[in-house]
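Colleague: Thanks for sitting down with me. Could you take me through this model and the reasoning behind the labels you put on it?

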Amino acid sequence: LYSLSQYGRVNIPAIAELTKKSDAEVIDELGEQVFKTPGTKDTFVTRDEYLSGNVRKKLELAQRAADRNPEFRRNVAALEAGQPLPLAPSQIHASLGMPWIPQAVVEKFALDEMGLEKIRVRYQPKLASWTVTGDTDSVAAQSTWGTPDRRAPSILQSALNRQTVKVYDEVYVDGKKSSVLNVAKTEAANDKLMQMRSKFSEWIWADQERADTLAAYYNETYNNLVVREYDGSYLTTPGIAAHWSWRPHQKRAIARIIQSGNTYVAHAVGAGKTSEYIGAIMEMRRLGLVRKPMVAVPNHMLAQFTKEWYEQYP
């Protein structure tokens, strides 16, 4: 706690000097309050920081490090115990257009369940966009899952991109061509779209082998985050007014700003956000984490903000 209060991070040499002990003795006594980060020379972080975030990725790194150095075995044990519980298929929402669903699964649905031929499905992560090309001539494409005006691949693409289908007629008014929405044809195409969505929701988990494979993929790739819980109880905030007292949630917010950098404080009105900003800035300045902090304040609040700052840190 002293190290966090004075340096804003775990500083093993400083603790060792203060307690007149060796670095090894300090690390041993701190136990699982701190963990050495694999891939670094001597960087230690707090337990709440290490056992949060993408813990599956951290476990992989720790396991590789433990193969080379036994000191990381405790990292592995702690991370294994802190993995998110795997979700069952019934707990995972899967619908057309969700980016975690592999392209091959959507293609298989189009080929096996919809009966389309030579369908190609592609997802572009950078654009968050799906494209579907292929069969436009089969009965499945024209009538079973499509309409005369919108073939099944086009409707499937709209479903994947979470769009509704619109069918327009070209008409000429005073010799000028324009497009007019055809309500009946549009409704017919969107009926097919809704049928696709409904059928996909039934189909995707129907096969046990496919369900187990997808659930394992989802848990490995997406169910891997542990939210960090910040503890600001160590803060002493030197220089604060003698009458000032922090509420627990304010200390947690200040600790989060100091330790994580970019922070969005979304407390309700009256919860003390202004005080948190001031406290965090003063602490980061004291710790040497920032040199010239700047606060952007609406013009009409400048006097009030200044007054509150002086009241808090006279």
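Modeller: Gladly! Keep in mind that this is a predicted model. Let's begin with contacts: among those in the protein chain with a separation of 6 or more, 54% are between residues 24 or more positions apart.

Colleague: What makes you say that the protein chain is more spread out than a compact globule?

Modeller: There are 14 helices and eight strands in the chain. Its radius of gyration is 29 Å, whereas the globule rule gives 20 Å for 314 residues, so the chain counts as more spread out than a compact globule. The C-alpha trace spans about 85 × 60 × 30 Å along its principal axes.

Colleague: How much of the protein chain is buried?

Modeller: Buried residues make up 38% of the 314 residues. The accessible surface is about 19000 Å², and 53% of that belongs to carbon and sulfur atoms.

Colleague: Let's turn to charges. Why is the pair of D42 and K36 called a salt bridge?

Modeller: The closest N and O atoms of D42 and K36 are 3.8 Å apart, and the cut-off is within 4 Å, so the pair qualifies. A search of the whole structure finds 14 salt bridges.

Colleague: Why is K36 called buried or exposed, and D42 likewise?

Modeller: K36 has 12% relative accessibility, under the 20% limit, so K36 is buried. D42 has 54%, over the 50% limit, so D42 is exposed.

Colleague: How do you know that R228 and D48 link distant parts of the chain?

Modeller: R228 forms a salt bridge with D48, with the closest N and O atoms 3.5 Å apart. R228 sits in the loop between β8 (225-226) and α12 (248-260), while D48 is in helix α4 (residues 47-50), 180 residues apart. R228, at 13% relative accessibility, counts as buried, and D48, at 25%, counts as partly exposed.

Colleague: And what makes K199 and E113 a pair that ties parts together?

Modeller: K199 forms a salt bridge with E113, the closest N and O atoms being 3.9 Å apart. K199 lies in helix α10 (residues 183-203) and E113 in helix α7 (residues 103-113), so the pair ties together parts that are 86 residues apart in sequence. The relative accessible area is 27% for K199, which is therefore partly exposed; E113, with 32%, is also partly exposed.

Colleague: Which residues are joined into one network by salt bridges that share partners?

Modeller: That network consists of K36, D42 and E71.

How values were computed
Residues numbered from 1 in each chain as written. Predicted model: local features only at pLDDT ≥ 70, side-chain atom pairs only at ≥ 80, totals over all residues. Heavy atoms only, no water. Helix = DSSP H or I, 4+ residues; strand = E, 2+ residues; numbered from the N terminus. Rg over C-alpha atoms; globule rule 2.2 N^0.38 Å. Buried < 20%, exposed > 50% of the residue type's maximum accessible area, 1.4 Å probe, protein only. Contact = heavy atoms within 4.5 Å. Areas by Shrake-Rupley, 256 points an atom, 1.4 Å probe, with all protein chains shown as cover. Salt bridge = Lys/Arg side-chain N within 4 Å of Asp/Glu carboxyl O.
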